[in-house]
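Biologist: Could you walk me through this model in plain words, starting with whatever I need to know before we look at single residues?
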Amino acid sequence: MFDMKKLVLLLMFVCIAPLASAEERLSVVTSVKPLQLVANAIVADLGDVEVLIPAGSSPHHYSLKPSGIRTLNNADLIVWVGPSLEQFLTKVLQRADAPVLQLLEVSDADVDDQETESSEHDEHHHHHHGGEDPHVWMDPLLMLDAAEKIKNALSAQHPQHAVQLEKNYQAFADELLMAEKQVRQQLIPYQKAGFVVFHDAFALLVEHYGLNQKAFFTVDPARAPGAKKLATIQELLKTQKVGCVFVEPQFEAAVIKQIVSDLPVKMGQLDPLAIDVTLAQGYPGYLQQLGSNIERCLK
């Protein structure tokens with residue numbers, strides 16, 4: 001005799017199965033856009049990668065909204081640098097339901113020292129206590145390492161995707177190393193050319209490519225440089241071989257433009273947060289953008 005109940009159960013299973021498959025899509029949240037570019041290369045078609053801090057906002061002073069907390073709690077993985085950069089996330093992530101990948105391990109003492117010492121540190125060196133610069137995405141090799149950590153974390157949680165995640169990682173590694181080599185060759189002629197940046201975010205990039213950053217205007221991008229600092233840099237621009245001053249798209253730089261306007265110094269732009277880089281361009285595209293902007297200004 002025909003069993004209607006079995007037919008109904010079978011039809012329900014057929015209808016629900018695609019939904020279950022859709023729900024298995026990976027969901028990753030990163031704190032800042034450059035980390036989103038890296039994570040997106042690893043996740044690719046397996047899911048979605050959201051960025052927590054919107055374009056134009058600084059991770060140094062961001063206030064998390066309730067919608068941001070919901071986004072974090074719905075994630076399969078949360079990727080952030082650590083308390084030395086996104087301090088607002090420290091307590092939130094301690095209570096988060098999702099696994100958390102922290103890229104930079106620092107102690108509470110390091111963070112406290114960083115806050116008290118940063119404004120007094122010699123402007124010719126980066127201010128980060130113990131040499132731990134939180135702008136880790138400025139070093140392409142650190143981002144290669146971050147990509148591997150993201151791949152491993154997601155593979156451990158979702159072993160059914162491990163093979164594809166490994167393929168995505170290898171493709172990203174090949175593309176990144178090719179871009180890194182290209183940018184290195186591009187910048188070799190300008191390694192001795194002096195320049196000044198708006199805020200102290202580029203030390204790892206400078207170190208990686210052997211560049212000649214002379215100074216920065218401010219440690220905290222939300223805090224305008226004081227009169228003493230402006231006078232010091234103005235004197236430096238007059239007396240030393242500085243060919244370019246880099247500003248950032250997130251911050252108005254009227255006072256810097258005023259200083260540079262009377263000097264034979266070019267102005268360029270370096271974006272520490274990749275706000276106009278698309279997911280399709282990815283992190284290698286961002287690295288190439290930085291390289292091209294440096295070359296254009298120092299040429």
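Modeller: Let me begin with a term: helices (H or I, at least four residues) and strands (E, at least two) are DSSP runs, numbered from the N terminus. With that in hand, we can say that His 208 lies in helix 8, which covers residues 203–209, and please keep in mind throughout that this is a predicted model.

Biologist: OK, and how many helices and strands does the chain have?
Modeller: The chain has eleven helices and eight strands. Of its 299 residues, 49% count as buried, and the chain exposes about 15,100 Å², with carbon and sulfur atoms supplying 54% of that area.

Biologist: What share of the contacts join residues at least 24 apart?
Modeller: If we take the contacts between residues at least 6 apart in sequence, 60% join residues at least 24 apart.

Biologist: Back to His 208, then: is it buried or exposed?
Modeller: His 208 counts as buried, because its relative accessibility is 14% and the cut-off for buried is under 20%.

Biologist: And what is His 208 in contact with?
Modeller: Leaving aside neighbours within four places in sequence, His 208 is in contact with Asp 139, Pro 140, Leu 141, Glu 180 and Arg 184. With one of these, Glu 180, the side chain of His 208 makes a side-chain polar contact of 2.8 Å.

Biologist: Where is Arg 184 found?
Modeller: Arg 184 is found in helix 7, which runs over residues 162–187. Its C-alpha atom is separated by 9.0 Å from that of His 208, although the two residues are 24 apart along the chain. Beyond the residues up to four places away in sequence, Arg 184 touches His 208 and Tyr 209.

Biologist: Which side chain does Arg 184 make a polar contact with?
Modeller: The side chain of Arg 184 is joined to that of Glu 180 by a polar contact of 2.9 Å, so Glu 180 has polar contacts with the side chains of both Arg 184 and His 208. As general background, an α-helix has 3.6 residues a turn, so residues three or four places apart point the same way.

Biologist: And how accessible is Arg 184?
Modeller: Arg 184 has a relative accessibility of 30%, and therefore counts as partly exposed.

Biologist: Switching topic: how many aromatic pairs are there in the whole structure?
Modeller: A search of the whole structure finds three aromatic pairs. One of them is Tyr 62 with Phe 88, whose ring centres are 5.4 Å apart and whose planes are at 70°, so the pair is edge-to-face. This pair links distant parts of the chain, 26 residues apart, since Tyr 62 is in the loop between strand 2 (47–51) and helix 3 (66–73), while Phe 88 is in the loop between strand 3 (77–80) and helix 4 (90–94). Tyr 62 counts as buried, at 13% relative accessibility.

Biologist: Can you give me another pair?
Modeller: Phe 195 and Phe 246 have ring centres 5.5 Å apart and planes at 80°, so this pair is edge-to-face. Here too the pair links distant parts of the chain, with Phe 195 in strand 5 (residues 194–199) and Phe 246 in strand 7 (residues 242–247), 51 residues apart. Phe 195 is buried, and so is Phe 246.

Biologist: Which residue lies over the face of Tyr 169?
Modeller: That is Lys 151, which lies over the ring face at 5.1 Å from the ring centre.

Biologist: What about helix 11, is it enclosed or not, and why?
Modeller: Helix 11 is largely enclosed by the rest of the structure, because 13 of its 17 residues are buried. Its end C-alpha atoms are 25 Å apart, which agrees with the 24 Å that residues 282–298 should span at 1.5 Å a residue.

Biologist: Last one: which residue has a positive phi although it is not a glycine?
Modeller: Ala 274 is one, with a positive phi of about 55°, and it lies in the loop between strand 8 (266–269) and helix 11. Ala 44 also has a positive phi, of about 50°, and its place is in the loop between helix 2 (33–43) and strand 2. Ala 274 is buried, with a relative accessible area of 0%, whereas Ala 44 counts as partly exposed at 28% relative accessibility.

Technical notes: Residues numbered from 1 in each chain as written. Heavy atoms only, no water. Buried < 20%, exposed > 50% of the residue type's maximum accessible area, 1.4 Å probe, protein only. Contact = heavy atoms within 4.5 Å. Polar contact = N/O pair within 3.5 Å; in protein donor to acceptor, adjacent residues only side chain to side chain. Phe/Tyr/Trp six-rings, centres within 6.5 Å; stacked < 30°, edge-to-face > 60°. Lys NZ or Arg CZ within 6 Å of the ring centre and 35° of its normal. Expected span 1.5 Å × (residues − 1). Areas by Shrake-Rupley, 256 points an atom, 1.4 Å probe, with all protein chains shown as cover.
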